[in-house]
Amino acid sequence: MKKFLIVGLGNIGAEYVNTRHNIGFKVVDFYARKEGISFQTAKLGDVAEHSVKGRKIILLKPNTYMNLSGKAVKYWMEKENISKENVLVITDDLNLSFGTIRIKAKGSDGGHNGLKNIQLLLNSTEYPRFRFGISDEFKKGQQVNYVLGEWSDEEKVHLMQRFELAAEIINSFALAGLSNTMNTYNGK
């Protein structure tokens, strides 16, 4: 059975639950609820497993805090014998307008500390990532407060629709492959 590791990046702790920086956690949580599966606490994170048409999808929420996400990603890739091509890292992106989806096969960390650590520990920039736009609607010097701030009421209204789309993307990645998923969903 072909395996896929879907990593939602975020920070553990009640104070981070509804922050923009935790969009990766929110996406995999939504997917798990939609598919009727639940997370179990395991080594270096919370993990849930699901099968779709002969493909095994392993959801991971690292409990290492954002800046050390690579440790959990590397561990679960090795434990489950999953290649970089079958890993999809879901993260927030300040450079994209709210709700914009950008799926890429490789790329820079874009200043994102979670991606920096994954890149460092995998010794590669070549792993698929799913960037979820959170926009850059903050005043100079307020980036940290914005990223660690909670969604506005207006954003909350639109999040559920974006989560539905994100769940489709996860299944598409496992079933149709990265290239088809990028062609279908980028820019939506």
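# Rings, salt bridges and a glycine-asparagine loop

W76 comes out as buried, at 5% relative accessibility (buried is under 20% relative accessible area, exposed is over 50% and partly exposed is in between, using a 1.4 Å probe and protein chains only). Keep in mind that this is a predicted model, where local features need pLDDT of at least 70 and side-chain atom pairs count only at pLDDT 80 or more, while totals for chains, interfaces and linings use all residues. Residues are numbered from 1 along each chain as its sequence is written, and side-chain values use heavy atoms, with hydrogens and water left out.

**Aromatic pairs**

- The model has six aromatic pairs (Phe, Tyr and Trp rings, the last by its six-membered ring, with centres within 6.5 Å; planes under 30 degrees apart are stacked, over 60 edge-to-face and the rest tilted).
- One of them is Y75 with W76: the ring centres sit 5.4 Å apart and the planes are at 85 degrees, so this is an edge-to-face pair.
- The two partners don't share a burial class: Y75 is partly exposed, with 24% relative accessible area, whereas W76 is buried at 5%.
- F132 and W151 also go edge-to-face, because their planes are at 75 degrees, with ring centres 6.4 Å apart.
- That second pair ties together parts 19 residues apart in sequence, because F132 lies in strand β7 (residues 129–133) and W151 in the loop between α4 (143–147) and α5 (153–175) (helices, H or I with at least four residues, and strands, E with at least two, are DSSP runs numbered from the N terminus).
- Both F132 and W151 are buried.
- Add F98 to F132 and W151 and you have one aromatic cluster.

**Charges over rings**

- R20 sits over the face of Y146, 4.0 Å from the ring centre (the rule wants NZ of Lys or CZ of Arg within 6 Å of the ring centre and within 35 degrees of the ring normal).
- K61 does likewise with F25, lying over the ring face at 5.6 Å from its centre.

**Salt bridges**

- Side chains of opposite charge can pair when their charged atoms come close.
- The count here is eight salt bridges (a side-chain nitrogen of Lys or Arg within 4 Å of a carboxyl oxygen of Asp or Glu).
- K3 and E80 form one, with 2.9 Å from N to O.
- K3 belongs to strand β1 and E80 to helix α2 (residues 69–80), so this bridge connects parts that are 77 residues apart in sequence.
- K3 is partly exposed at 25% relative accessible area, while E80 is buried at 8%.
- R20 turns up again here, bridging to E155 with the closest N and O atoms 3.2 Å apart.
- This one links distant parts of the chain: R20 is in the loop between β1 and α1, E155 is in helix α5, and 135 residues separate them.
- Both ends of that bridge are buried, R20 at 8% relative accessibility and E155 at 10%.
- K34 pairs with E164, and their closest N and O atoms are 3.0 Å apart.
- Here the bridge joins two helices, because K34 is in α1 and E164 in α5, parts that are 130 residues apart in sequence.
- K34 is partly exposed at 47% relative accessibility, and E164 is partly exposed too, at 34%.
- Shared partners merge some salt bridges into one network made of K3, E49, K56, K79 and E80.

**G10 and N11**

- G10 falls in the loop between β1 (2–8) and α1 (23–35), and at 1% relative accessibility it counts as buried.
- The C-alpha atoms of G10 and G24 are 5.9 Å apart, although their positions lie 14 residues apart along the chain.
- Skipping residues up to four places away in sequence, G10 touches H21, N22, F25, Y65 and M66 (contact means heavy atoms within 4.5 Å).
- N11 sits in the loop between β1 and α1 and is buried, with 9% relative accessibility.
- The N11 side chain reaches the backbone nitrogen of M66 at 2.7 Å.
- With neighbours within four places left aside, N11 is in contact with Y16, H21, N22, F25, Y65, M66 and L148.

Conventions: Polar contact = N/O pair within 3.5 Å; in protein donor to acceptor, adjacent residues only side chain to side chain.
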